[in-house]
Amino acid sequence: MALVTFETLPAETHEVTVSAHPRPDFRRRILHAFHADPAHRPQSAFGNTKADAPDRCEDHYTRPNFVRIIEGSPWPE
């Protein structure tokens, strides 16, 4: 099965699609949507792609570091 990408579609398809499904301010809005979902519970974004949104949108957000968590674990070896 061939992969369908923006580049593999003809320009006419782009025009028809965008005409039927306008995307005003899409980039800002999609980042806001990804940020809004875990905004009230940012720790739940740990370990998934949504962690990038608070990292980009929250001035004081610090992404947890999995390696440091493991290295600092109180569990004995």
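## Two histidines, a loop and a surface patch

Leaving out neighbours up to four places away in sequence, His35 makes contact with Ala53, Pro54, Cys57 and Glu58. This contact list comes from a predicted model, and the other values in this report are likewise computed from that model. His35 itself lies in helix H2, and it counts as buried because its relative accessible area is 13%, which falls under the cut-off of 20%.

### The overall fold

The protein has 4 helices and 0 strands, and when it is read along the sequence its elements follow the pattern α-α-α-α. Of the 77 residues in the protein, buried residues make up 12%, and His35 belongs to this buried group. The accessible surface of the protein comes to about 7,000 Å², and carbon and sulfur atoms account for 59% of that surface.

### Helix H1 and the loop that follows

A second histidine can be examined in the same way, and this one, His14, is found in helix H1. Is His14 buried or exposed? With a relative accessibility of 19%, His14 counts as buried, because the value is under 20%. When residues up to four places away in sequence are not counted, His14 touches Phe6 and Leu9.

Helix H1 covers residues 11-20 and helix H2 covers residues 26-36, and Asp25 sits in the loop between these two helices. The phi angle of Asp25 is near 55 degrees, which is a positive value in a residue other than glycine. At 42% relative accessibility, Asp25 counts as partly exposed, since this value lies between the limits of 20% and 50%.

### A nonpolar patch

Which residues make the nonpolar surface patch of about 310 Å²? The patch is made by Phe26, Ile30, Leu31 and Phe34. One of these residues, Phe34, is placed in helix H2, the helix in which His35 also lies. Phe34 is partly exposed, with a relative accessible area of 39%, whereas His35 is buried at 13%.

### Four residues side by side

The table gathers the accessibility values discussed above.

| Residue | Place | Relative accessible area | Class |
|---|---|---|---|
| His14 | helix H1 | 19% | buried |
| Asp25 | loop between helix H1 and helix H2 | 42% | partly exposed |
| Phe34 | helix H2 | 39% | partly exposed |
| His35 | helix H2 | 13% | buried |

Read in this way, helix H2 holds both the partly exposed Phe34 and the buried His35, while helix H1 holds the buried His14.

Note on methods: Residues are numbered from 1 along each chain as its sequence is written. This is a predicted model: local features need pLDDT of at least 70, side-chain atom pairs count only at pLDDT 80 or more; totals for chains, interfaces and linings use all residues. Side-chain values use heavy atoms; hydrogens and water are left out. Buried means under 20% relative accessible area, exposed over 50%, partly exposed in between (1.4 Å probe, protein chains only). Contact means heavy atoms within 4.5 Å. Patches are made of residues with over 30% relative accessible area and no salt bridge: like charges are joined within 9 Å, nonpolar side chains (Val, Leu, Ile, Met, Phe, Trp, Tyr) within 5 Å. Accessible areas come from the Shrake-Rupley method with a 1.4 Å probe; for residues, only the protein chains shown count as cover. A salt bridge is a side-chain nitrogen of Lys or Arg within 4 Å of a carboxyl oxygen of Asp or Glu.
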